[in-house]
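Reader: I am new to this. Could you walk me through some of the terms and show me where they apply?

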Amino acid sequence: MYRKVLIFLGASLLYNVAIAHEDDVHTVQYTKENFSTEVIKKNHFIMFYAPWCGHCQSLAPTWEMLAEMLNEDEDSRVRIAKVDCTTDSSICSEQDVTGYPTLKFFKTEDNTGIRFRGTRDLPSLTAFINEQLGSVPTEDSDDRPPVPEPVNGLVELTEDTFNKHVSSGSHFVKFYAPWCGHCQKLAPTWDELAQSNSHHTLVSISKVDCTQYRSVCEQFDIKGYPTLLWIENGKKIDKYSGDRGLEHLQEYVNKMLTKSSSEFDDKKEQTDDEIQSVFTLTGDSFKHGIEKGVTFIKFFAPWCGHCKRLAPTWEELGKKFVGRGDVHIVKVDCTLDTSKQLCNEQEVDGFPTLFLYKDGEKISEYNGSRTLDDLYEFVHKHLKAHDEL
């Protein structure tokens, strides 16, 4: 009887392994015959595994999903592969594989590999790929758009420059005194906030030393330090009184820009390129960003070829709804540390994933044609239904 049970279990294991291999139609399988010659030809992300390993079996569907996205994309810069350490143990010994699964990223012309040590979920794996590809030169690098130069940074305003600077556009201003302990504590965070918005054309992060430029501070009735004001077109709109951590400050900036988006189309002097048509959310700003109206979100990864092709269409879609406070066209980068958990919670299982939300609730996933007309019609249909409620 005991022997029969062992035979049954062994047969079941072989059957499950066979089924797993049948399902892995997109992942490249390397052996000792081709590993060393193939891995140097292109960037690779490789799983070293054993078929009986439970963690390997749990990772297999996600690994196959990565392979389907990247191995089937002609613009992909990385190949997803695997090596069975029970049949090709010599490779695994050379790669110092001591546990299963072991995941390593190999850059072109390099067979050493960089070990992945993070959480084995799709956002974390894609973030790691993105990080590695960021430092990999490519033959077609000249075809990729250059990283734009910062359009602003932390601006130190004076009595001579303040009024002109804040006379148009949106501004987040810190009024401070150098001797103020709370101001000193906020200083590095304020610098980071300015840096993180340095490519943003719609907001300026600045500061004013009230011990030097008292007239400016008196103009805005500053009575304590630091005082953080949101100013639009020279007028005080709001006083920030929340947590002074970077995430909370950035969330506030996103909220204020979203709030004022309905006024963008009234600024006739702005060109289409200057109008923010697509808003960016992260895990920190997501809940607040979707709580009202219809929100159509593109969850993406920067290296994803399909995402790159959709990007200009997504911008055009956003422009169609500029000025409407009840519709928001949004994107979320799932490779960012601040968004990985969010993408997991929202069950993003491929890129790009397009979800539509109404008043904070996920309503539908879009799986149709990615033409501008079809995407617009999809939003318009749900917007009409929203208005009829």
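Author: Here follow short questions on helices, the sheet, burial, aromatic pairs and unusual backbone angles. The model is predicted: local features need pLDDT of at least 70, side-chain atom pairs count only at pLDDT 80 or more, and totals for chains, interfaces and linings use all residues. Residues are numbered from 1 along each chain as its sequence is written, and side-chain values use heavy atoms, with hydrogens and water left out.

Reader: How do you know that the length of helix H7 agrees with what a helix should span?

Author: Helices (H or I, at least four residues) and strands (E, at least two) are DSSP runs, numbered from the N terminus. The expected span of a helix is 1.5 Å times one less than its number of residues. H7 has 16 residues, 181-196, so the span should be 22 Å. Its end C-alpha atoms are 24 Å apart, which agrees.

Reader: Where is the kink in H7?

Author: At Ala187, shortly before the proline Pro188. The kink is about 40 degrees. That bend is the angle between axes fitted to the seven residues ending at a residue and the seven starting there.

Reader: Which residues of H7 are buried, and what do they pack against?

Author: Cys183, Leu186, Thr189, Trp190, Leu193 and Ala194 are buried. Buried means under 20% relative accessible area, exposed over 50%, partly exposed in between (1.4 Å probe, protein chains only). The buried residues of H7 pack against strands E7 (170-176), E8 (203-209) and E9 (227-232), and against helix H9 (246-259). An α-helix has 3.6 residues a turn, so residues three or four places apart point the same way.

Reader: What makes E6 and E10 edge strands?

Author: Two strands pair if DSSP finds at least two bridges between them. The open sheet has 5 strands in the order E6-E8-E7-E9-E10, with mixed pairing. E6 (155-157) and E10 (235-240) each have a single partner strand, so one side of each is left without a neighbour in the sheet. From one strand to the next, the twist averages 30 degrees.

Reader: How do you know that E6 and E8 pair?

Author: They share 3 bridges, in the parallel sense, against a minimum of two. Val155 has Ser206 in E8 as its bridge partner.

Reader: Which helices pack on the sheet?

Author: H7 touches E7, E8 and E9, and its direction makes about 160 degrees with that of E7. H9 touches E7, E8, E9 and E10, and its direction makes about 145 degrees with that of E10. Axes are lines fitted to C-alpha atoms, for helices over the stretch in contact, and angles run from 0 to 180 degrees between N-to-C directions.

Reader: Why is Gln132 called buried?

Author: Its relative accessible area is 7%, and the limit is under 20%. So Gln132 counts as buried. Gln132 is found in helix H5 (residues 122-133). Leaving aside neighbours within four places in sequence, Gln132 is in contact (heavy atoms within 4.5 Å) with Phe105, Lys107 and Ile114.

Reader: Why is the pair of Phe45 and Trp63 called tilted?

Author: Rings of Phe, Tyr and Trp (its six-membered ring) pair if their centres lie within 6.5 Å; planes under 30 degrees apart count as stacked, over 60 as edge-to-face and the rest as tilted. Phe45 and Trp63 are 4.9 Å apart centre to centre, with 55 degrees between the planes. Phe45 lies in strand E2 (residues 43-49) and Trp63 in helix H3 (residues 54-71), so the pair ties together parts that are 18 residues apart in sequence. Phe45 is buried at 0%, and Trp63 is buried at 1%.

Reader: What makes Phe172 and Trp230 a tilted pair?

Author: Their centres are 5.8 Å apart, and the planes make 50 degrees. Phe172 is in E7 and Trp230 in E9, 58 residues apart. Both are buried.

Reader: Which proline follows a cis peptide bond after Phe351, and is that proline buried or exposed?

Author: Pro352, with omega about -10 degrees. Pro352 counts as buried, at 8% relative accessibility. Most residues other than glycine have a negative phi, and most peptide bonds are trans.

Reader: What is unusual about the phi of Glu109, and why is this residue called exposed?

Author: Glu109 has a positive phi of about 70 degrees although it is not a glycine. At 64% relative accessibility, Glu109 counts as exposed, since the cut-off is over 50%.
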